[in-house]
Amino acid sequence: MYLLRCNEITVMCPYFIKIKTSVVLYSLLLMAICSTWPAMAQEKYTLSGVITEASTGETLIGVNISIPDINAGAISNAYGFYSITLPAETYNVVFSSLGFVPQQKTIALNQSVVYNISLNEDAEELAEIIIKADVEALDLKTPQMSVNTLTAQTIKNIPVLLGEADVVKSLLLLPGVSNAGEGASGFNVRGGATDQNLILLDEATIFNSSHLFGFFSVFNPDAIKDVKLYKGSIPARYGSRVSSVLDIYQKEGNSKNFKLIGGIGAVASRILAEGPIKKDSAAFLVGGRGSYAHLFLPLFDIDNSAYFYDLNTKLNYKFDSNNSLFLSGYFGRDYFGVSDSFIVNYGNALINFRWNHKFSEKIFSNLSLIYSDYYYGLELDFVGFKWNSGIQNFNLKYDFNHYISNGLQVNYGIQNTYYTFNPGKIIPNRPDSGIVADQLVQKYANESAVYGDVEIEINDKMNVEAGLRMSHFVRFGQDELQIYANDQPVIFDPFLLIYKGADPVSVVSSGRSEQLKTFSNLEPRLALSYELSPEVSFKASYTKLTQYLHLLSNTSSPTPLDVWTPSGPYVKPQRSDQFAVGIFTYFLDGDYSLEVESYYKKVANRIDYIDGANLVANDAIEQVILNGQARAYGLEILLKKNSGPLKGWLAYTLSKSEQQTPGRNAEEIGINNGAWYNTPYDKPHDLSLYLSYDLNSRWQFNTNFVYQTGLPTNYPIGQFEFQGIVVPYYGLRNKQRLPDYHRLDVSASYTPKAKAKAKHSNQWVFSIYNVYNRANAASINFRQNADTGANEALRTSILGIVPAVTYNFKF
């Protein structure tokens, strides 16, 4: 035990972890105890409960529970639970959340009280939900920063390609978030790579978030309850990636009434049903979505096919006031075929079993058992083989929220994930193909962590959140492991000045239980806020993260053919340190808010590839990669208008993202001569404007405009002739850029007036993507003109102007 002294008072605190870093946490805990000690002598009781939506029974995330008379409050957690401990007294308690009618209750706290409450949806206020920082409104007091939340309604309002509401495309309108262009998979956050984002759906990992190679995301907006993106100041319960966390929760299912919603679009349709199994105790949700444009291709004598489908499911059962069970799942697949001679099939599958348990009015827990699978299949009929690869993981998590007192909350838990990596298996698809079946060496690993953070109100103006995550990673034995001289799988040729793979000196086999390599890392987190005035707050944060998995890809945007690989004897884990500071304010009675943040991030052990690296079906991937470093820094500005008929936001990001792979010794030149170079997703300027205008109860108009610096690329800087063949040569890596990207989208939503006592409603959405038909360059290639012999540039664009109509319905 530690003995912490507040003047003449001795406080005993449990000694959890014998490490120096924990001193920071205990010091902060001591400060909170000392600052509130006079109040601790008073008799205190706890007000707790669960907040739900009145019409559906859905628990509500992030509801503000405020007590204005004493400037105290709390926020409901991811399962609608709240808890606040106060001195014995009668209080006026306000429960509020944007989109719902606020309720004020007078509660006599002369004993601990369990107060469950349901909030009614406010149709007028619901239209004013645009984007929420932290909870629903800009919270100046909380130390959490670099966090944005989108509601499902906001996502549905934003004009997107072919009218298909899209979670990921909506995130791209936020500061600090971008991607590699039209038709690109994934997204980049604060100069990070796409594989550095942890994407969670009901706590299960999604390894590929895109349908049809990036044109759509895998998330059905009708099934989504909450979307939260952490760009920095990431809580200790999250780990495994070094750039960001996208945390998405599905709806739980309507426990009051049966509901059916859906939509019919230009290329895809969706439907979702939810309702009670046992009213107020058990509910279900099942939703499906699929595209059908491929059905019309034969009418135009096109022998190709491309489609996707996904399925969302959820069951929940409330045993009593202290115990609830949830079972959720997702299954999605994409299919792309060219005349049956080239077929790609890939997708995610996951299932999550969760148990919520309330130990007391102060301690809430959640236990999760999670299975996640990502599969990729390829068939080349003209060659005569099938190929499949993937990654599976089994995850156990146990989280606790401990509400010690008003102004002091501790969150802690444990997590363990076991991985199986299949880098590829080749199977002949016909007897006469001549292909020999082969399985690349499978890899196995385990990642575990213990974590905790504490939220402390130091005084009326200053709040602190400090956390620590201890992660441990084990790379287990495999059938074959190549051994190299001096443990160097990549060697440097000083005469040709190139890197190349080394020849192994031996090959060893080891049992699954053998540990080939282990890594342990401490990942501290710290965030603070200080109110400069009632309308202005200063915030700062530091976040350290470790990533043990790597996506092997030499393209600016992930493709299904990319393969995940674990850290091990030759591949080190990535480690990042991010610092951020910001000013947050609201003005004109809260109608407007402004967020200005600056950040600096550095990443160690970022892998890079030697020139001419082959990443496909490579059983010795360590022979083509080198460890380097990356850095990113920038300024983000977000100006929002939150109320009135005209709402929206303006987001601007000024940033730089670079990578460096220097030589390992004085003899080696490294990649790009050891100099820093632009990452493939570096965009110095990124401007996004989103506006929504409510003309009346029937018509709503939405528009967004995007302007971005062109992506880095390489153009030939010269050429030479060899045996009659003109050969171009290139300069330093990513030195040139594509032309700047810009686009304007518009949409109009028409909701017919519902008849009296009607149990259904419908809506028409008319949209135009890329209104002025901008031919944004996806790539620029060079060729020799057949007639003149002169070199010429050829721009390749993916999308022009795209109109669409979508019909939505609700019963």
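Buried means under 20% relative accessible area, exposed means over 50%, and partly exposed lies in between, with a 1.4 Å probe and protein chains only. By that scale N773 is partly exposed, with a relative accessible area of 44%.

This is a predicted model: local features need pLDDT of at least 70, side-chain atom pairs count only at pLDDT 80 or more, and totals for chains, interfaces and linings use all residues. Residues are numbered from 1 along each chain as its sequence is written, and side-chain values use heavy atoms, without hydrogens and water.

**Positive phi**

Helices (H or I, at least four residues) and strands (E, at least two) are DSSP runs, numbered from the N terminus. Two residues with positive phi sit in loops between such strands, and neither is a glycine.

| Residue | Phi | Loop between | Relative accessibility |
|---|---|---|---|
| R190 | about 50° | β13 (188-189) and β14 (197-201) | 1%, buried |
| N773 | about 55° | β52 (761-769) and β53 (777-784) | 44%, partly exposed |

**Hairpin and sheet**

Two strands pair if DSSP finds at least two bridges between them. Strand β4 (residues 64-67) runs antiparallel to β5 over 4 bridges. S66 stands opposite G73 in β5. The β4 and β5 hairpin has 4 residues between the strands, and N71 takes a positive phi near 55° there.

In a regular strand the side chains alternate between the two faces of the sheet. Strand β5 (residues 72-75) shows this: A72 and A74 point to one face and are buried. G73 and I75 point to the other face and are not buried.

Elsewhere, 5 strands form an open sheet with mixed pairing, in the order β11-β18-β19-β14-β15. Its edge strands are β11 (147-150) and β15 (204-205), each pairing on one side only. β11 pairs with β18 (residues 224-230) in the antiparallel sense, over 4 bridges. L150 has V227 in β18 as its bridge partner.

**Cavities**

A cavity is a set of points, on a 1 Å grid over the protein atoms alone, where a 1.4 Å probe fits but cannot get out; lining residues have an atom within 4 Å of a point. Grid points are joined across faces, edges and corners, and a volume is the space filled by probe spheres set on the points.

The whole structure holds 10 cavities of 30 Å³ or more. The largest cavity encloses about 300 Å³. Its lining has 22 residues, and K169, L172, Y741, R743 and Y769 are the closest to its centre. β46 (699-708) and β51 (741-750) each supply at least two residues of this lining.

Definitions and conventions. On a 1 Å grid over the protein atoms alone, a cavity is a set of points where a 1.4 Å probe fits but cannot get out, and a pocket is an open set with protein on both sides within 12 Å along at least five of seven lines; lining residues have an atom within 4 Å of a point.
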